[in-house]
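Please open the model in your viewer and keep the sequence panel beside it, since each stop below begins with a selection.

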Amino acid sequence: PWYRLPGDTGYTAGVPVTLNANGGFTWTRKVNRSKTARVYFTVSGVQSTTLVGQAPKVEVTGSRTGTSLLVTATTVNIAPGSTVKPYIKIDGGKAIRGTQLQVAADGTFAWTYIAQKGQQIRVKFNVRGVKSDPIVL
């Protein structure tokens with residue numbers, strides 16, 4: 001494997017991996033959560049296409065029906081089962097942490113909240129240090 005991170009001037013050789021009986025392999029490298037990594041592989045002098053691993057992110061959309069709030073989210077490059085921590089501000093007050101939930105197997109999660117009539121709710125989510133943009137409902 002050869003990998004390149006943002007700011008690198010070229011690719012760096014990774015630790016060689018061995019092909020399994022089916023000709024496949026697994027290669028992993030920890031990357032700072034805000035970085036996008038590029039990697040390619042060579043086997044017997046033949047180079048693969050360059051793969052780009054996107055930086056993790058959390059994208060949210062929300063709706064409100066009366067006092068019922070629903071926020072749905074999709075994640076990119078965040079492991080299923082990861083803990084989601086909602087942070088809620090009611091009418092611009094101090095942020096409080098809501099009940100934690102988990103990222104589903106398909107990379108999504110849904111959060112519901114019952115507000116009082118007329119309350120403005122601002123919520124953002126933190127998943128393994130990756131924060132969503134806030135949403136106001």
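The tour below goes from a sheet to a core, and then to individual side chains.

Before selecting anything, note that this is a predicted model, in which local features need pLDDT of at least 70 and side-chain atom pairs count only at pLDDT 80 or more, while totals for chains, interfaces and linings use all residues. Residues are numbered from 1 along each chain as its sequence is written, and side-chain values use heavy atoms, with hydrogens and water left out.

Select first the open sheet of 3 strands, whose order is β7-β8-β12 and whose pairing is antiparallel. Strands here are DSSP runs of E with at least two residues, numbered from the N terminus, and two of them pair if DSSP finds at least two bridges between them. β7 (57–65) and β12 (108–114) stand at the edges with a single partner strand each, so one side of each has no neighbour in the sheet. From one strand to the next the twist averages 20°, an angle between N-to-C axes, on a scale from 0 to 180 degrees, that are lines fitted to C-alpha atoms. Now pick β8 (residues 68–76), which is joined to the antiparallel β12 by 7 bridges; T72 is the residue to find opposite A110 in β12.

Next, display the largest nonpolar core, which has 20 residues, with V58, V71, F109, W111 and F125 making the most contacts inside it. Such a core is a set of buried Ala, Val, Leu, Ile, Met, Phe, Trp, Tyr and Cys residues joined through side-chain atoms within 4.5 Å, where buried means under 20% relative accessible area, exposed over 50%, and partly exposed in between (1.4 Å probe, protein chains only). The elements that give two or more residues to this core are β7, β8, β9 (83–90), β12 and β13, and the largest share, 4 residues, comes from β13.

Move then to N126 in strand β13 (residues 121–127), a residue that is buried at a relative accessible area of 16%. A polar atom of the N126 side chain lies 2.9 Å from the backbone nitrogen of G129. Leaving aside neighbours within four places in sequence, N126 is in contact (heavy atoms within 4.5 Å) with T83, V84, K85, Y87 and K131.

Finish at E59 and K57, whose side chains meet in a salt bridge at 3.4 Å, N to O; the term requires a side-chain nitrogen of Lys or Arg within 4 Å of a carboxyl oxygen of Asp or Glu. E59 counts as partly exposed at 42% relative accessibility, and K57 likewise counts as partly exposed, at 34%.

How values were computed:
Polar contact = N/O pair within 3.5 Å; in protein donor to acceptor, adjacent residues only side chain to side chain.
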